[in-house]
Amino acid sequence: MLDQLSNIIKTFNDQFGNIDWKDGDKIRKVIAEEIPAKVAADSAYQNAMKNNDKKTARIEHDAALQRVMIDLLSDHTELFKQFSDNPSFKKWLGDTIFGVTYQQQADQSVTGAGYGR
């Protein structure tokens, strides 16, 4: 999991490090830890992963990510602005969070382990 977080941060820095974030370290932490946890905990998304194909799960993921980003709006205005106004950032974030959370569900199915959060 730590390796996965490192990869998210590295890719973020490579692609979006040129954005003048007021608190880049905090944004990296939110992207690598807080957003994946909140998306993974979304009940509609969890249900879609358990009961539907990957395409349907992705649709629910994108809706869950939108809800999480709106919830973060008051604390992370900069991040929400990039998500709303920067199509490449929105696509990268969606692909990244889906990759992390969908894999967690697949791992959970194999091991039978819970999220533990």
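Two rings of Phe, Tyr or Trp, the last represented by its six-membered ring, are treated as a pair if their centres lie within 6.5 Å. By this criterion, the structure, which is a predicted model, holds 10 aromatic pairs. In one of them, the ring centres of Phe 12 and Trp 92 are 5.9 Å apart. The planes of these two rings stand at 45°, and the pair is therefore classed as tilted, since that class takes the angles that are neither under 30 degrees nor over 60. The pair links distant parts of the chain, with Phe 12 located in helix α1 (residues 2-16) and Trp 92 in helix α6 (residues 87-111), 80 residues apart. Both Phe 12 and Trp 92 are buried. Phe 12 and Trp 92 also belong to a cluster, in which ring pairs link them with Phe 16, Trp 21 and Phe 89.

The protein chain contains six helices and zero strands, and from the N terminus on its elements follow the order α-α-α-α-α-α. The chain comprises 117 residues, of which 40% count as buried. Among contacts between residues at least 6 apart in sequence, 67% join residues at least 24 apart. The accessible surface of the protein chain amounts to about 6,800 Å², and carbon and sulfur atoms account for 50% of this area.

Helix α5 (residues 77-85) includes Gln 82. The relative accessibility of Gln 82 is 17%, and this residue therefore counts as buried, the limit for that class being under 20%. When residues up to four places away in sequence are not counted, Gln 82 touches Ile 19, Trp 21 and Phe 89. Of these contact partners, Trp 21 and Phe 89 are members of the aromatic cluster described above.

Helix α5 also packs against helix α4 (residues 54-72), the axes of the two helices coming within 9 Å and crossing at roughly 145°. The crossing of α4 and α5 is left-handed. On the α4 side, the contact is made by Leu 65, Gln 66, Met 69 and Ile 70, whereas α5 contributes Leu 79, Phe 80 and Phe 83. Phe 83 takes part in a further arrangement, in which the charged end of Lys 90 sits over the ring of Phe 83 at 5.0 Å from its centre.

How values were computed:
Residues numbered from 1 in each chain as written. Predicted model: local features only at pLDDT ≥ 70, side-chain atom pairs only at ≥ 80, totals over all residues. Heavy atoms only, no water. Helix = DSSP H or I, 4+ residues; strand = E, 2+ residues; numbered from the N terminus. Buried < 20%, exposed > 50% of the residue type's maximum accessible area, 1.4 Å probe, protein only. Lys NZ or Arg CZ within 6 Å of the ring centre and 35° of its normal. Contact = heavy atoms within 4.5 Å. Areas by Shrake-Rupley, 256 points an atom, 1.4 Å probe, with all protein chains shown as cover. Axes fitted to C-alpha atoms, helices over the stretch in contact; angles between N-to-C directions. Left-handed = near helix turned anticlockwise from the far one by under 90°.
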